[in-house]
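Subject: A structure for you to look through

Dear colleague,

Here is the structure I promised to pass on to you, with the sequence beside it. Please keep it open while you read, since my notes below go through it place by place.

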Amino acid sequence: MSKDCGSLALTAAIALEADFVFIPEVPPASDWPDVLCSHLQRKRKYDVRVARLGHIQRGGRPSFLDRYLGCRMGFEAINALLRSEPASPKVLCLKGHVIAKVPLSKVISYTRRVREERRKGSYGEAVDIRGGNFRQKTDFVQLIAEPPNFFFGVSKNFGVIHCGSPAAGMNGVTHAFVRIANHSKYNVYGIEGCWEGLMEGKFRELNWGNVAGWMSRGGSELGTKRQLPTDVEKIAEALNDQNIEGLLIVGGFEIIETMGGRCGFLAIMTALATGADKALVFQEDFTEKEIRKIFEDAWFKNERELGHYTIIRSEGANDSTTCEEIRRNFENFSSEKKVIVVD
């Protein structure tokens, strides 16, 4: 999809670990048919078929990011409509992690400039007009898709360790780190079994080829645990024995903290993505009156069969709003209203 813009194709190429990507802003070399066919015959040995990704995706279940971004975009859109001037329409776009409002006339002018540069054969300028994020994606795809042309063992050794609960991005981070490190002529060793594995010397060489497929796999290919490093001296000794000069820690202890503790960020994001009715976080100190208002809203929704009333609570929220306390108080409130609460 996106006929004249390669942004979606670049994003899909990164997520799918594509070997080739064709976009209008960066045309392939003249011998690309021979290179592609040779690659398919040597590596894949499969039949070649055409699949239109946009058609496959339509109607699929939205991911967490889809729902979260959609909620943010909807919020910004209604605010933009209420505050905008009819003579200056805006387009909502994502710049990094910030939603920005860009004049429609400016967006159209950029699109026209890209087409003009492509007609002139100035493809580098066309990519630059698309923006820094587009340029970064283009460079990244070229790095992770093309094997490095060098022998390993010519420079520094890096280590990668997974810590904390398994997370969807652990393998993807490791995949990108290994391939880019290899292109920079660095060796990478994966550490199996978290900190215990490190102290026991469980190192495993990772290279461009053996991390293939990791981008789309959940969990942790190296193995991870919720544990803290206990013997720092032994860890340092193990790293020194393997001649590890840099260590990438994927996950870490911050993830455990953000799952609860006194940080309500994940609770708020989850509430937005799931359409929850209320989010209880440490940063807000709910009074008895406010808690009762929550119960009244829940009772109103239940009484009129408007669906479930969902509360997302951060683990470090006010002690008076623990899950058990909320349940017990709501049962008492429901008894007052003569509503039967069913588990």
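E192 counts as partly exposed, at 30% relative accessibility, and in this model, which is predicted rather than determined by experiment, E192 forms a salt bridge with R204, with the closest N and O atoms 3.2 Å apart. Because E192 lies in the loop between β4 (187-191) and α9 (194-199) while R204 belongs to strand β5 (residues 203-206), the pair ties together parts that are 12 residues apart in sequence. R204 is likewise partly exposed, with a relative accessibility of 28%.

A second pair involves α9 itself: the side chains of K225 and E196 meet in a salt bridge, at 2.9 Å from N to O. K225 sits in the loop between β5 and α10 (232-241) and E196 in helix α9, so this pair ties together parts that are 29 residues apart in sequence. K225 is partly exposed at 36% relative accessibility, and for E196 the value is 36%, which again counts as partly exposed.

A third pair stays inside one helix. K120 forms a salt bridge with E117, the closest N and O atoms being 3.5 Å apart, and both residues lie in helix α5, 3 residues from each other, which is about one turn of the helix. What may be worth looking at here is how the two partners are placed: K120 is exposed, with a relative accessible area of 59%, whereas E117 counts as buried at 15% relative accessibility. As background for these pairs, side chains of opposite charge can pair when their charged atoms come close. The count of salt bridges comes to 7, and the three pairs described above are among them.

Now to the cysteines, where you might ask how many disulfides there are. The count comes to 0, and the pair C163 and C194 lets you follow the reasoning. A disulfide is a covalent bond between the sulfur atoms of two cysteines, and for a pair to be counted here the sulfur atoms have to be within 2.5 Å. The sulfur of C163 has its closest cysteine sulfur in C194, at 3.7 Å, which is too far for a bond. Seen from the other side, C163 holds the cysteine sulfur closest to that of C194, again at 3.7 Å and too far for a bond. C163 is buried, at 1% relative accessibility, and C194 is buried too, with a relative accessible area of 0%.

Next, please turn to helix α6 (residues 123-130), whose buried residues are A126, V127 and I129. Seen down the axis of α6, these buried residues fall within an arc of 160°, so they line one face of the helix. Their cover includes α5 (104-120) and α7 (132-145), and just after α6 comes G131, which takes a positive phi of about 115°.

M73 shows how residues separated in sequence can be brought together in space. M73 lies in helix α4 (residues 64-83) and counts as partly exposed, at 22% relative accessibility. M73 and L92 are 19 residues apart in sequence, and their C-alpha atoms are 7.5 Å apart in space. If you leave aside its neighbours within four places in sequence, M73 is in contact with L92, C93, L94 and I99.

On the surface, F20, F22, W32 and V35 form a nonpolar patch, and together they have about 350 Å² of accessible area. Of these residues, F20 is found in the loop between α1 (7-16) and α2 (32-44), and at 32% relative accessibility F20 counts as partly exposed.

Finally, some values for the chain as a whole, which you can set beside the details above. The secondary structure comes to 14 helices and 8 strands, and of the 343 residues 29% count as buried. Among contacts between residues at least 6 apart in sequence, 68% join residues that are at least 24 apart. The chain exposes about 22400 Å², of which carbon and sulfur atoms supply 53%.

With best wishes

How values were computed:
Residues numbered from 1 in each chain as written. Predicted model: local features only at pLDDT ≥ 70, side-chain atom pairs only at ≥ 80, totals over all residues. Heavy atoms only, no water. Helix = DSSP H or I, 4+ residues; strand = E, 2+ residues; numbered from the N terminus. Buried < 20%, exposed > 50% of the residue type's maximum accessible area, 1.4 Å probe, protein only. Contact = heavy atoms within 4.5 Å. Areas by Shrake-Rupley, 256 points an atom, 1.4 Å probe, with all protein chains shown as cover. Patch = residues over 30% accessible without salt bridge, like charges linked within 9 Å, V, L, I, M, F, W, Y side chains within 5 Å. Salt bridge = Lys/Arg side-chain N within 4 Å of Asp/Glu carboxyl O. Arc of directions from axis to C-beta.
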